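Visitor: I have not seen this structure before. Please show it, and then I will ask about it piece by piece.

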Amino acid sequence: MAILATYEKLGLEPTAKPKGQFEREYNQIRNRLINSGEFRSTDRNLNRTILTEIGEYPSWDGEVYKMSQGVARPESKRDASQKKSIDKRNQILTEADELMTAAGYGKLVKKGKRNFKKQDRSGGMALDHEYETQEFGADYERLKKNFAAGVISENRFKQDLNKIVNKKPGNIDSNLTLKTETENYDKNVRTRAVIKNKNLREKYKVRDASYTKKMAAFTKSLNKVNLLSGVHAYAKQFLEGQRQGYDTSYVPKNGNGNGKVNGNGNGNGNGKKIVLNGNKTNNYRGLSALIETPNDWSDPLLMTPRFRTLDKSIDVSL
């Protein structure tokens, strides 16, 4: 019980007050400190200051509690919630770093991760992500869901993915800026507001019946996790191919789609195409081998076999 050791270090005693009374007293002090300008709701020392003033810590029926936004929660449940939040953040950062590595920034990603890990926080300054992890996570998750559900086209997916990548998410060195704790917390507050506004815009957009039907089908799908993982795998392959001058497209095995390869060479100079050969049933599922297909009209690879493996080391199967 790490939190119990902290409480005891502060000289606090377990409360004898009922839970409701303790929370009311806690929130009265909390509101006073925030409204006076002495503390902000995000200040790390706010909770300790309140509990020190009360002189007691939350504990009922032999179980130690933690305070979270003015509500007492059992330590075990609070810790589980925090672990879930940390795991989610790590997953978002991993996806961001994988996208930036696929886009050709692998060395800068490693440099940023190294600097972030080894930074000295003793001077009241710390590295912060300019394109916040929470905002990237929300943007990328929305894009993956829209593509997996089939409510946006492949070209739109590529365009929006490039916009996200151009913001340099994740631990890439250029996305890390040294900030004070105050600056960091202020930016987190602004980021939460930005995400909230984006979500509200999405919620109240005028949608047609097709969009509603497709999103409902995706939401009910028992395979959502695999579908989103498949979209992320495809995103990495697209960025890798784009970096090498290839265009990528998805060609389903079962014929549910136009079966065409989008690779006329516009903008990439060599007309090469990458096909992700898999099985599409309503959405992008079962991504498998990455293969190279030469154009029939102008590619020097015409003398090679029509299909050859481009990179067997990349496994995107589900």
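Visitor: Is Gln69 buried or exposed?
Guide: In this predicted model, residues are numbered from 1 along each chain as its sequence is written, local features need pLDDT of at least 70, side-chain atom pairs count only at pLDDT 80 or more, and totals for chains, interfaces and linings use all residues. Side-chain values use heavy atoms, with hydrogens and water left out. Buried means under 20% relative accessible area, exposed over 50%, and partly exposed in between (1.4 Å probe, protein chains only). Gln69 has a relative accessible area of 62%, so Gln69 is exposed.

Visitor: Where does Gln69 lie?
Guide: Strands and helices here are DSSP runs (E, at least two residues; H or I, at least four), numbered from the N terminus. Gln69 belongs to a hairpin with 2 residues between its strands. The place of Gln69 is the loop between β4 and β5.

Visitor: What phi does Gln69 have?
Guide: Most residues other than glycine have a negative phi. Gln69 is not a glycine, yet its phi is positive, at about 55°.

Visitor: Which residue in the hairpin of β3 and β4 takes a positive phi?
Guide: This hairpin has 2 residues between its strands. The residue lies in the loop between β3 and β4 and is exposed, with a relative accessible area of 83%. Its phi is near 55° although it is not a glycine. The residue is Asp61.

Visitor: What is the order of the strands in the open sheet?
Guide: Two strands pair if DSSP finds at least two bridges between them. β3 is joined to β4 (residues 63-68) by 2 bridges, and β4 pairs with β5 over 4 bridges. Both pairs are antiparallel. The sheet has 3 strands, in the order β3-β4-β5.

Visitor: Which strands stand at the edges?
Guide: A strand with a single partner has one side left without a neighbour in the sheet. That applies to residues 59-60 and residues 71-74, so the edge strands are β3 and β5.

Visitor: Which residue stands opposite Met67?
Guide: Across the pairing of β3 and β4, Trp60 stands opposite Glu63. Across the pairing of β4 and β5, the residue opposite Met67 is Ala72.

Visitor: How many of the residues of β4 are buried?
Guide: Helix α2 (residues 19-35) lies across β3, β4 and β5. β4 is mostly covered. Of its 6 residues, the number buried is 5.

Visitor: At what angle does α2 run to β4?
Guide: Axes are lines fitted to C-alpha atoms, for helices over the stretch in contact, and angles run from 0 to 180 degrees between N-to-C directions. For α2 and β4 the angle is about 35°.

Visitor: Which residues does Asn47 touch, not counting residues up to four places away in sequence?
Guide: Asn47 is in helix α3 (residues 46-54) and is partly exposed, with a relative accessible area of 22%. Its C-alpha atom is 8.1 Å from that of Arg30, a residue 17 places away along the chain. Contact means heavy atoms within 4.5 Å. With the neighbours set aside, Asn47 touches Tyr26 and Met67.

Visitor: How are α5 and α8 oriented to each other?
Guide: Helix α5 (residues 133-149) and helix α8 (residues 209-220) pack with their axes 9 Å apart, at an angle of about 105°. Angles under 35 degrees count as roughly parallel, over 145 as roughly antiparallel, 65 to 115 as roughly perpendicular and the rest as oblique. The two helices are therefore roughly perpendicular.

Visitor: Which residues of α8 make the contact with α5?
Guide: On the α5 side, the contact is made by Lys145, Asn146, Ala148 and Ala149. On the α8 side, it is made by Tyr211, Lys214, Met215 and Phe218.

Visitor: How is α5 oriented to α6?
Guide: The axes of α5 and helix α6 (residues 154-166) come within 10 Å and cross at roughly 170°. Residues of α5 including Phe136, Tyr140 and Leu143 meet residues of α6 including Phe157, Leu161 and Ile164. The crossing angle makes α5 and α6 roughly antiparallel.

Visitor: Is Asp139 buried or exposed?
Guide: Asp139 is in helix α5. Leaving aside neighbours within four places in sequence, Asp139 is in contact with Tyr131, Ile164, Lys167 and Lys198. Its relative accessibility is 9%, so Asp139 counts as buried.
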